[in-house]
Amino acid sequence: MEYPRYPFTAVVGQEQAKRALLLALVNPRAGGLLISGKRGTAKSVLVRAAAPLTPTGSLVELPLGATDDMVFGSFDVDAALRDGERRLRHGLLHRAAHTLIYMDEVNLLREEVLKSVLESASAGMFSLERDGVSAVEEISCIPVGTMDPAEGVLSPVLLDSFGMFAAMEELEETEQRAEIARRVIAFERAPEAFCRMYAQQEAELQQKAARAREMLPAVEVSHAILHLAAQYAARALCVGNRAEIYLVEAARALAALAGRIYVMPQDIEEAALFVLAHRMSRKKEQREESSRRQREPQEQQAEPQEESEDEAPME
């Protein structure tokens with residue numbers, strides 16, 4: 001018998017992280033999600049609680065010590081020797097089809113494994129080569145990682161490979177802390193009864209996510225919205241063009257959740273909270289200097305007009 005999962009809607013606070021997870025679940029093309037927070041802020045609880053919101057109702061976890069064969073699969077040598085057939089033993093990426101592949105303590109994973117997982121998820125495929133034999137497998141999974149920044153950070157390249165980022169809040173108010181304790185104790189004492197208390201909220205959120213996924217293909221993005229996304233990415237001084245692409249895809253998910261088939265400027269504005277924060281590659285001083293240089297031509301154009309007004313002859 002499977003032990004009940006802590007309900008997603010029972011997690012106190014953490015609205016930004018919840019919202020970002022929902023966007024990742026609605027639109028895999030938004031590039032997955034990295035959640036950062038200190039120990040004890042319910043990072044892993046929140047991600048595992050999102051399993052019922054996925055199309056499969058489950059998720060796949062990638063352990064810290066995962067080998068390449070565990071992640072990507074291998075060829076069945078016994079079948080090859082016995083039957084002369086090339087048969088693939090599927091790995092975790094295959095098992096994560098249409099759902100989350102969850103990487104806890106992602107900053108402690110072997111960098112080459114994490115890089116390959118993120119690249120494969122983005123490309124929707126990977127090439128497996130073993131002992132001179134190769135095969136290409138198509139995949140469709142959503143990478144979600146959690147990390148405690150005190151245990152180490154990711155390189156800018158790996159950070160950029162995650163479409164979205166959310167930071168867990170440190171809930172310090174007495175009432176919130178007391179409510180967290182009350183709910184956790186109630187869940188541990190009677191998990192099934194506790195889950196029944198949130199069953200309706202969970203069902204409503206599952207339906208909302210499912211409707212948004214169905215609507216997503218119909219959501220259109222106008223030229224003006226594309227231009228706005230590019231402006232946001234440029235102002236944040238993001239390197240490359242991933243930012244505006246993920247920005248648009250996250251905004252499409254927001255529109256679908258709102259029941260619209262078109263993206264509005266406020267969708268881009270909200271999506272920017274998740275897409276741009278971890279991509280600002282330059283220091284504050286550099287961003288301010290770039291902004292100042294962009295303003296200079298406008299100020300120079302205004303100066304002649306002011307002088308001509310001062311020098312105009314009086315009648």
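How much accessible surface does the chain have, and what share of it belongs to carbon and sulfur atoms? The accessible surface comes to about 17700 Å², and carbon and sulfur atoms hold 51% of that area. Keep in mind throughout that the model is predicted.

Start with the whole chain in a cartoon view. The secondary structure consists of 14 helices and nine strands. Colour by burial next: 42% of the 315 residues count as buried. If you draw a contact map, take the contacts with a separation of 6 or more; residues 24 or more positions apart make up 78% of them.

Now select residues 141-147, which form strand β8. Seven of the seven residues here are buried, that is, each has under 20% relative accessible area, so the strand is largely enclosed by the rest of the structure.

Show the side chains of β8. In a regular strand, side chains alternate between the two faces of the sheet. Here C141, P143, G145 and M147 point one way, while I142, V144 and T146 point the other way. Both sets are buried.

Add residues 33-36, strand β1. Which sense does the pairing of β1 and β8 take, parallel or antiparallel? The two strands pair in the parallel sense, over four bridges. To locate one of these positions, select S36 and M147: M147 is the bridge partner of S36 in β8.

Then add residues 99-103, strand β5. This strand also pairs with β8 in the parallel sense, over five bridges. Select I101 and you will find P143 of β8 standing opposite. P143 is among the buried residues of β8 picked out earlier.

Terms used: Residues numbered from 1 in each chain as written. Predicted model: local features only at pLDDT ≥ 70, side-chain atom pairs only at ≥ 80, totals over all residues. Heavy atoms only, no water. Buried < 20%, exposed > 50% of the residue type's maximum accessible area, 1.4 Å probe, protein only. Pairing = 2+ DSSP bridges. Contact = heavy atoms within 4.5 Å. Areas by Shrake-Rupley, 256 points an atom, 1.4 Å probe, with all protein chains shown as cover.
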